[in-house]
Amino acid sequence: MTIKHVLVPIVMEQEAKPFVEHLGLSQVEGFFPSHTPFLAFEGKSGDCLVTVITFGKDQIYGTGVDNVGTVPSSLATYLALSKQQQEQEQEW
């Protein structure tokens, strides 16, 4: 079995930045619904597509802090996995 796509959820943008830069990933506009604060970065590492997601920053209370916790992480991960599944089904 060959791994074709890897999803890496990282809570804080500052934590993700060195990883994203090292792999040369690019931000993907429109990966998540526009009303969510989540971000996605993608690129190839060998033959594998790597997607890094972060959970965005607080926009409701204006604090600008990273969204940490179970709700943002589970929702962002669910949306990203759903998108991967849809893309995989289209390939078949």
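Here is a short walk through this predicted model, starting at its sheet and ending at a patch on its surface.

Let's begin with the sheet, which is open and has four strands in the order E1-E4-E3-E2, with mixed pairing. E1 and strand E2 (26-27) stand at the edges with a single partner strand each, so one side of each has no neighbour in the sheet.

Now follow strand E4 (residues 48-54), which pairs with both E1 and E3. With E1, E4 runs parallel, and five bridges join the two. Along this pairing you can find Val6 opposite Val50 in E4, and Val8 opposite Val52 in E4. With E3, E4 runs antiparallel, this time through seven bridges. Ser45 stands opposite Cys48 in E4, and the hairpin of E3 and E4 has two residues between the strands, with Gly46 taking a positive phi near 70 degrees.

Next, look at what lies over the strands. H1 lies across E1, strand E3 (39-45) and E4, and runs at about 160 degrees to E4. Helix H2 (residues 70-91) lies across E1 and E4, running at about 170 degrees to E1. How enclosed is E4 by the rest of the structure? Six of its seven residues are buried, so E4 is largely enclosed.

Finally, step out to the loop between strand E1 (5-9) and helix H1 (13-23), where Val11 lies. Val11 is partly exposed, with a relative accessible area of 30%. Together with Met12 and Val68, Val11 makes a nonpolar surface patch of about 220 Å².

How values were computed: Residues are numbered from 1 along each chain as its sequence is written. This is a predicted model: local features need pLDDT of at least 70, side-chain atom pairs count only at pLDDT 80 or more; totals for chains, interfaces and linings use all residues. Side-chain values use heavy atoms; hydrogens and water are left out. Patches are made of residues with over 30% relative accessible area and no salt bridge: like charges are joined within 9 Å, nonpolar side chains (Val, Leu, Ile, Met, Phe, Trp, Tyr) within 5 Å. Accessible areas come from the Shrake-Rupley method with a 1.4 Å probe; for residues, only the protein chains shown count as cover. A salt bridge is a side-chain nitrogen of Lys or Arg within 4 Å of a carboxyl oxygen of Asp or Glu. Buried means under 20% relative accessible area, exposed over 50%, partly exposed in between (1.4 Å probe, protein chains only). Two strands pair if DSSP finds at least two bridges between them. Contact means heavy atoms within 4.5 Å. Axes are lines fitted to C-alpha atoms, for helices over the stretch in contact, and angles run from 0 to 180 degrees between N-to-C directions.
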